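The exercises below concern charged side-chain pairs and a metal site, and each is followed by a solution worked in steps. Please have the sequence and the coordinates open while you go through them.

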Amino acid sequence: MRKFFCWFSLVVAMMMASPACAQTAQGTFETGNGTFLLNGKPFVVKAAEIHYPRIPKPYWDHRIKMCKALGMNTVCIYIFWNIHEQREGEFDFTGNNDVAEFCRLAQKNGMYVIVRPGPYVCAEWEMGGLPWWLLKKKDIKLRERDPYFMERVKIFEQKVGEQLAGLTIQNGGPIIMVQVENEYGSYGEDKPYVSEIRDCLRGIYGKDLALFQCDWSSNFEKNGLDDLTWTMNFGTGANINDQFRRLGELRPNAPKMCSEFWSGWFDKWGARHETRPAKDMVEGMDEMLSKGISFSLYMTHGGTSFGHWAGANSPGFAPDVTSYDYDAPINEYGHATEKYYELREMMQKYSDKKLPAVPKAPMPIITIPKFELTEFATLMTATGTMKEGQAETGALKTFEEMNMGWGLMIYSTRLPEISSESVLTGEFHDFAQVFIDGKYIGKIDRVKNEKSLTIPAVKKGADLTIIVEGMGRINFGRAIKDFKGIVGNVTLSTETDEAEMVLTPKNWTNVAIPDYYEIAKGSLDMVKSFNEKLPDMKGSVPGIAVTRNYQESAQLTDFFKPGYHRGYFNLTKVGDTFLNFETWGKGQVYVNGHALGRIWSIGPQQTLYVPGCWLKKGKNEIIVLDVVGPKEAVVWGQAVPELNKLQLEKSNKHNNIGDKPDLNSATPAATGAFNGGNGWQTVKFNAPAKGRYLAIECLSTQKENDRVAIAEIYLQGTDGKRISREPWTTKYANSEEENGNHTGDKVYDLQESTYWQTEKGATLPHLLVIDLGSEQTISALEYLPRAEQGAPGSVKNYKIYLY
Ligand code: GLA
Ligand code: CA
């Protein structure tokens, strides 16, 4: 008995001494008067946003410790529905998906957890976290009270609850708050829907757990529910008092929290790498802390959108790159940046204890000498490795109709004789390559808003083949219902002096090739064994091991260029590295069976992060699916990433002088001067104005010799409602600061924190012309200058034209 007692008291003493166990007792977290209350005491949330699927599991602990050493007391996580339920009804919370383990790890490190379980999350993640298979019900209404959507949401939330409900602070766990939906204001106005999500979460986590909503200060009132805590999202440089002004008016006693303070921004294919100054970030956080304002730093560590998980921004179609570095204080591969140290120094001021030492990275950085990927299998080989049901004839099918989430499709049909050039038109999601009788004709790239291609005259029976590669589904705005493949019909139109002829081919072969490592490997293995059996033929007919209608003409036409490449590299020591793909076209990469992510020669990302924990001593395998074909099939591992190298056919600027309108004799729809300062302003026209193009002429700035910058523009129709900006494109801008991605399209990208800005030194007046897609009748213009306090470039005198 005495012996037992000694042992028992030793355990108790150990538990009390261990800070890791300090939180295991039941506790409370509430929204109090002017402050949050943790176990009844005032508490400022200093949260670090990090996403467990964007970090390999072996590195979770290190990344959490990095956040802790920054002076954070909480980690904030999203739950991406689609990574946990990749097939309807099949849930996975194991391995890298083990979110409960992630939360326990946070707790072991003395950190609290905020959970944001969606169902929609945005986050530059495929479809904003929603599973693609929802789109199998074509008429589904996403993020609305559609019965099927709500049924699936509730099942998913229940499953997450099974993992996490036991880990709330009330149950002795680390979870202090759960978020209801995500920035619903930029999607619409639907309190009944948001309320239903709230009730669902309350049912799962209990009435005592704090629930909150996040939105922008400009639109949180649309969906703000009376019984939830309201938090604001805004970025580095924002005017903090302004951001909380309205909340202060409505709820003077509410605690303030910036639930997403954007440390940097995300990168899109074809545009420069985004950065935000450390100084602005640190000053903003210092200001918040000095005022007792809670925050979550989005992202503190962004990590990587591995495999096919990167989403796409909208309006327009702007797919996100694989790296989610975000210019965050902890970079993509877990190292502390200068921003980190500047922030840490500031954060130290608000901590009574010395911050823990910055932990050492779990793996060294290694380099790998250049090597060649010598094995090759054409795309068509993949069809030989697949199960049934992946080829269908008849009408054109989308990926979703073929029951495929990610990958590419090969569409082919026979054409009648067309004796002159014709224009091929359709909706291709997202990157289409067109072949006639195996010869490459051209591409149709959704990123560039392309929808058509001129094709040459063809003989009767000519083979038209279109390879369509899907990229990430849109994760922002109304366009999240983003079907992949060919959506709708494809037409071929010819115009002669006498007549216009439109041909709509109806009889297609649809072949779906899903993005799975097993298919890539299977294809390469098949070619390899074929080559071994028939050594004489070796290499002469890549992709011969298939049954397909091209086989008769098995010349190596362009059509055989897209395919899988494989190579190997040997390591004596493992570590993190960055594989360089700048000689490749476009596609996907797998290393030792791990899907690393997408590549695209246009950049800005040219290297992929390879976590050392996925490498091994000895032989390692790499497979590249290149849908375009490489210039040179070589790869090497370098010690630093390349995230900012564009290889564009032409620049992103809109300064082609031929597009500049002559407004000399035009009558403006409105003339006047904007007020200084932040926030939305509306210009009502004296009479409605008509035109397809909107031209904004900026004659002067609020401060002299400043640059012009505009964050957002809306136009109102004659009914006073905002017209859709979906079809908008930038026609002309005399000056755009391209390096910071401040191009003209930023005035209608639905993001208040991005803006069009003229170059330093460019002289007034400045002109921005937007193509509205079709003629519109407009009664007013809404204008948002840059959100930052005293930001440069707010426009003063203006003339607005529609023509
Ligand atoms: C919003 C969303 C986030 C993320 C950021 C931009 O705030 O809530 O999920 O998309 O924008 O990085
Ligand atoms: Ca914007």
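For the metal site, a donor is an N, O or S atom within 2.8 Å of the metal, a limit that is 3.2 Å for Na, K and Ca, and because water is not among the atoms, sites may look incomplete. The model used throughout is a predicted one.

**Exercise 1.** Determine which atoms coordinate the calcium ion (ligand 2), and how the donor residues are spaced in sequence.

*Solution.* Begin with the donor list, which consists of Ala711 (O), Glu712 (OE), Lys746 (O), Asp749 (OD), Gln751 (O), Thr754 (O) and Thr754 (OG1), at 2.3 to 2.6 Å. Written along the sequence, the donor residues of this calcium ion (ligand 2) follow the pattern A-E-x33-K-x2-D-x1-Q-x2-T. Next, place two of the donors: glutamate 712 belongs to strand S36 (residues 712-716), whereas lysine 746 lies in the loop between strand S37 (729-733) and strand S38 (756-757), so the pair ties together parts that are 34 residues apart in sequence. Finally, check accessibility, which shows that glutamate 712 and lysine 746 are both buried.

**Exercise 2.** Lysine 746 also forms a salt bridge; find its partner, and decide whether each of the two residues is buried or partly exposed.

*Solution.* The partner is aspartate 745, with the closest N and O atoms 2.9 Å apart. The cut-off for buried is under 20% relative accessible area, so lysine 746, at 8%, is buried, while aspartate 745, at 25%, is partly exposed. Elsewhere, salt bridges with shared partners join Glu375, Lys521, Asp525, Arg566 and Glu621 into one network.

**Exercise 3.** How many salt bridges does a search of the whole structure find, and where in the chain do the partners arginine 152 and glutamate 85 lie?

*Solution.* The search of the whole structure gives 49 salt bridges. One of them joins the side chains of arginine 152 and glutamate 85, at 2.8 Å from N to O. Arginine 152 is part of helix H5 (residues 147-164) and glutamate 85 is in the loop between helix H3 (81-84) and helix H4 (99-108), so this pair ties together parts that are 67 residues apart in sequence. Both arginine 152 and glutamate 85 are buried.

**Exercise 4.** Describe the salt bridge of arginine 245 and aspartate 242 in the same steps.

*Solution.* The side chains meet at 2.4 Å, N to O. Arginine 245 and aspartate 242 both sit in helix H7 (residues 240-250), three residues apart, which is about one turn of the helix. Arginine 245 is partly exposed, at a relative accessible area of 46%, and aspartate 242 also counts as partly exposed, at 25%.

Key: Residues numbered from 1 in each chain as written. Chains lettered and ligands numbered in written order. Predicted model: local features only at pLDDT ≥ 70, side-chain atom pairs only at ≥ 80, totals over all residues. Heavy atoms only, no water. Salt bridge = Lys/Arg side-chain N within 4 Å of Asp/Glu carboxyl O. Helix = DSSP H or I, 4+ residues; strand = E, 2+ residues; numbered from the N terminus. Buried < 20%, exposed > 50% of the residue type's maximum accessible area, 1.4 Å probe, protein only.
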